[in-house]
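User: I'd like a close look at one part of this model: the second largest pocket and what sits around it. Could you walk me through that?

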Amino acid sequence: MTAFAAADHPAVAMNILFKLTRRQVWDFGRSADAVATWESLDAETQDWLWSGSSVFWEYLGLVFEAYARADDFAGAEAFANGVLNDIAVPADGLPYVGVPFARQLIRRGRIPEGLALFERLAQSAPRHAQCALAWYWLAIAALQQENVSKSKEYAACIRQAQNLKTGLSAEYRLDAKALLLLADLNPAGVDPAAHYKTSQLNEYAQQINADLNWIAP
């Protein structure tokens with residue numbers, strides 16, 4: 001934190017804090033330290049760091065993840081709601097916190113709340129890369145309700161949100177699942193040009209069916 005404290009420009013300070021927090025949360029298992037750092041920032045410092053840059057909103061997403069990984073979901077929920085209910089937050093900033101929060105709600109069995117939040121985020125920032133996951137769960141919900149055409153519409157939105165980029169493993173899986181949803185969950189119906197192995201498609205189809213069962217009433 002020495003470099004952060006010495007930074008005399010908010011963009012420089014934010015970049016330092018973002019890189020440190022990312023390593024704490026994803027690499028070192030030190031989420032509690034990331035939470036402690038956030039909670040040590042007074043309102044003046046938080047305002048100083050505030051920016052329209054995606055780095056700032058990605059940092060807030062990391063803070064949410066840190067709360068959740070530190071087994072403080074009450075803190076995570078309070079933090080997320082603070083961001084989501086702030087009218088100053090731009091539409092492109094909301095998904096960085098809102099998408100992981102909605103995912104946690106789904107995982108914790110709070111299905112209607114999670115889906116409602118995914119719907120809000122997908123409508124406010126439909127082409128945001130983070131919203132690919134929102135479109136996925138909305139496609140799953142539509143399919144669970146036997147609305148196949150709506151499910152396929154949402155599946156296409158997954159690919160549009162990712163801009164057909166599949167560099168990360170999570171992006172790769174979502175793209176494959178989108179193709180499966182468009183192919184009625186039939187791996188043989190997925191365009192071979194997509195270069196997904198049949199064994200992978202079979203695995204992802206099983207995951208889709210598990211998700212369908214998870215949100216079933």
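Analyst: Sure, starting with the walls. The second largest pocket is lined by Trp38, Gln46, Asp47, Trp50, Phe56, Trp57, Leu60, Phe79, Gly82, Val83, Asp86 and Val89. A pocket here is an open set of points on a 1 Å grid over the protein atoms alone, where a 1.4 Å probe fits, with protein on both sides within 12 Å along at least five of seven lines; lining residues have an atom within 4 Å of a point. Helices α4 (43-49), α5 and α6 (73-84) each give two or more residues to that lining, helices being DSSP runs (H or I, at least four residues) numbered from the N terminus.

Before going on, a word on the source: this is a predicted model, where local features need pLDDT of at least 70 and side-chain atom pairs count only at pLDDT 80 or more, while totals for chains, interfaces and linings use all residues. Residues are numbered from 1 along each chain as its sequence is written, and side-chain values use heavy atoms, with hydrogens and water left out.

By class, the lining splits into eight nonpolar, two polar and two charged residues. Nonpolar covers Ala, Val, Leu, Ile, Met, Phe, Trp, Tyr, Cys and Pro, charged covers Asp, Glu, Lys and Arg, and the others, Gly among them, are polar. The space inside comes to about 210 Å³, a volume being what is filled by probe spheres set on the points, which are joined across faces, edges and corners.

Now take Trp38 from that lining. Trp38 belongs to α3 (residues 31-40), where Ser31, Ala34, Val35 and Thr37 are buried along with it; buried means under 20% relative accessible area, exposed over 50% (1.4 Å probe, protein chains only). Those five lie on the same side of α3 because they cover an arc of only 160° around the axis, taken from the directions from the helix axis to the C-beta atoms. Ala32, Glu39 and Ser40 are the exposed residues on the face turned away. Among the cover over the buried residues of α3 are α2, α4, α5 and α6, with contact meaning heavy atoms within 4.5 Å.

Two other lining residues, Leu60 and Phe79, turn up in the largest nonpolar core. That core has 75 residues, and Leu60 and Phe79 are among those with the most contacts inside it. A core of this kind is a set of buried Ala, Val, Leu, Ile, Met, Phe, Trp, Tyr and Cys residues joined through side-chain atoms within 4.5 Å.
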